[in-house]
Amino acid sequence: MNSAAQLLLDTARRGELHHAIIIHGPAAPPLRELAVGIAKTLNCLNGTIGDDCLSCQKIDRRIHPDVHFIEVSGERKLISVEQIRDLVAEAALRPYDGRNKVFIIDPADALSPGGSNSLLKTLEEPARDTTFVLLTRSPDLLLPTINSRSQHIYIGDDRPGRSRTEQVATIEDPDLEKQIKAALERFASRRDSMALLALASMIASHDDVKDAIALTAAVLTSGEIDAIPRERLLASADALLAAIRALTINADPRLVVEQALAELVIPTGQ
């Protein structure tokens, strides 16, 4: 457990935790472990950050009536608005068995557009003794309005120099990465705009568009594409991260990716 996680649990134990926490990092297991740790700390019968008391055991077994896990269900790819409406209704009630209600949204970047909007009002006017824990690879994947109402805690690789794109891009797809690099190199060598359009189409048709966009942004900032000015690479990478956020409000994937990749084009006369 790193220092940020320990500090967060100590804050929860003192009863001083913010009502909405965004825990982000490249690997899901430590995020989930910390989220469960928060739920235990807020409800432990012995006042610890988690032990073998009955409350902590119930949380581990996912049967505690005041600790709720909101996840993608079945074959769906998003957390539905209906799931968030159920959360909102439950959040309005007082704790049943413990001291605090805890809602763990995993992953928060899977919130549907309607779900994100339904959650906003609850984050603006939270009920007493209620805590929301949102797990994600990066806050960049969430709506700015959700970000602004939450405390951010990063859990993961603490190596210096890691960019936002490196933190967001967790997909491991060597074939896709190779195709992205080939398209960028073709554009760089020939100034062939059709290469960018083909790349946008490939990204937009990927099974996980957000992951494909994040990987593209990571490639742009990797330093391996040296035939394109660095300022254009960074501008396009930033636009791609913004494109990921735009997808949460039903933006057209191909259109937003095309617009982001257009940042690579050097304006005429420069």
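## A charge over a ring

Let's start with a neat little detail: the charged end of Arg62 sits over the ring of Phe69, with 3.9 Å between that end and the ring centre. Keep in mind that everything here comes from a predicted model. Phe69 falls in a strand called E2, which covers residues 67-71.

There is another arrangement of this kind further along the chain. The charged end of Arg191 sits over the ring of Phe187, 5.5 Å from the ring's centre. Arg191 itself is found in the loop between helix H8 (174-190) and helix H9 (193-204). Its backbone is worth a look too: Arg191 is not a glycine, yet it has a positive phi of about 50 degrees. Is Arg191 buried or exposed? Neither one fully: Arg191 is partly exposed, with a relative accessible area of 42%.

## The whole chain

Now zoom out. The protein chain has 12 helices and 5 strands. Take its C-alpha atoms along the principal axes, and they fill a box of roughly 65 × 35 × 30 Å. The chain runs to 270 residues, and 47% of them count as buried.

## Strand E3 and its neighbours

A good place to dig in is strand E3, made of residues 101-106. How many of the residues of E3 are buried? The count is 6 of 6, so to put it plainly, E3 is mostly covered. In a regular strand, side chains alternate between the two faces of the sheet. In E3, Lys101, Phe103 and Ile105 are on one side, while Val102, Ile104 and Asp106 are on the other, and both faces are covered.

E3 has pairing partners. With E2 it pairs in the parallel sense over 5 bridges, and Glu71 stands opposite Asp106 of E3. To get from E2 to E3, the chain passes through helix H4 (residues 81-91), making a right-handed β-α-β crossover. E3 also pairs with E4, again in the parallel sense and over 5 bridges. Here Ile105 has Leu134 of E4 as its bridge partner. Helix H5 (residues 113-124) joins E3 and E4 in a β-α-β unit that is right-handed.

## Two stacked rings

How many aromatic pairs does the structure hold? The answer is 1. The partners are Phe103 and Phe132, whose ring centres are 5.5 Å apart. Why does the pair count as stacked? The ring planes are at 20 degrees, and the cut-off for stacking is under 30 degrees, so these two qualify.

Phe103 belongs to E3, and Phe132 belongs to strand E4 (residues 130-136), so the pair ties together parts that are 29 residues apart in sequence. Both partners are tucked away: Phe103 is buried at a relative accessible area of 1%, and Phe132 is buried at 0%.

## Asp106 and the loops

At residue 106, E3 has an interesting character. Asp106 lies in this strand and is buried, with a relative accessible area of 9%. Its side chain is joined to that of Arg32 by a polar contact of 2.6 Å. Then comes a surprise in the backbone: the peptide bond from Asp106 to Pro107 is cis, with omega near -5 degrees. Pro107 has its place in the loop between E3 and H5.

The loop between H5 and E4 has something to show as well, namely Asp129. Although it isn't a glycine, Asp129 has a positive phi of about 60 degrees. Asp129 is partly exposed, at a relative accessible area of 24%.

## Two helices to compare

Helix H10 spans residues 209-220, which makes 12 residues. From its first C-alpha to its last it reaches 17 Å, close to the expected 16 Å. H10 is mostly covered, with 12 of its 12 residues buried. Among them are Val209, Lys210, Asp211 and Leu220. At the start of H10, a side-chain oxygen of Asp208 reaches to within 3.3 Å of the backbone nitrogen of Lys210.

Helix H11 (residues 230-246) has 17 residues. Its reach from first C-alpha to last is 24 Å, close to the 24 Å expected at 1.5 Å a residue. Which residues of H11 are buried? They include Arg232, Leu233, Ser236, Leu240 and Ile244.

Key
Residues are numbered from 1 along each chain as its sequence is written. This is a predicted model: local features need pLDDT of at least 70, side-chain atom pairs count only at pLDDT 80 or more; totals for chains, interfaces and linings use all residues. Side-chain values use heavy atoms; hydrogens and water are left out. Rings of Phe, Tyr and Trp (its six-membered ring) pair if their centres lie within 6.5 Å; planes under 30 degrees apart count as stacked, over 60 as edge-to-face and the rest as tilted. Helices (H or I, at least four residues) and strands (E, at least two) are DSSP runs, numbered from the N terminus. Buried means under 20% relative accessible area, exposed over 50%, partly exposed in between (1.4 Å probe, protein chains only). A charge sits over a ring if NZ of Lys or CZ of Arg is within 6 Å of the ring centre and within 35 degrees of the ring normal. Two strands pair if DSSP finds at least two bridges between them. A crossover is right-handed if, with the strands pointing away from the viewer, the path from the first strand over the helix to the second runs clockwise. The expected span of a helix is 1.5 Å times one less than its number of residues. A polar contact is a pair of N or O atoms within 3.5 Å; within protein, one must be able to donate a hydrogen and the other to accept it, and residues adjacent in sequence count only if both atoms are side-chain atoms.
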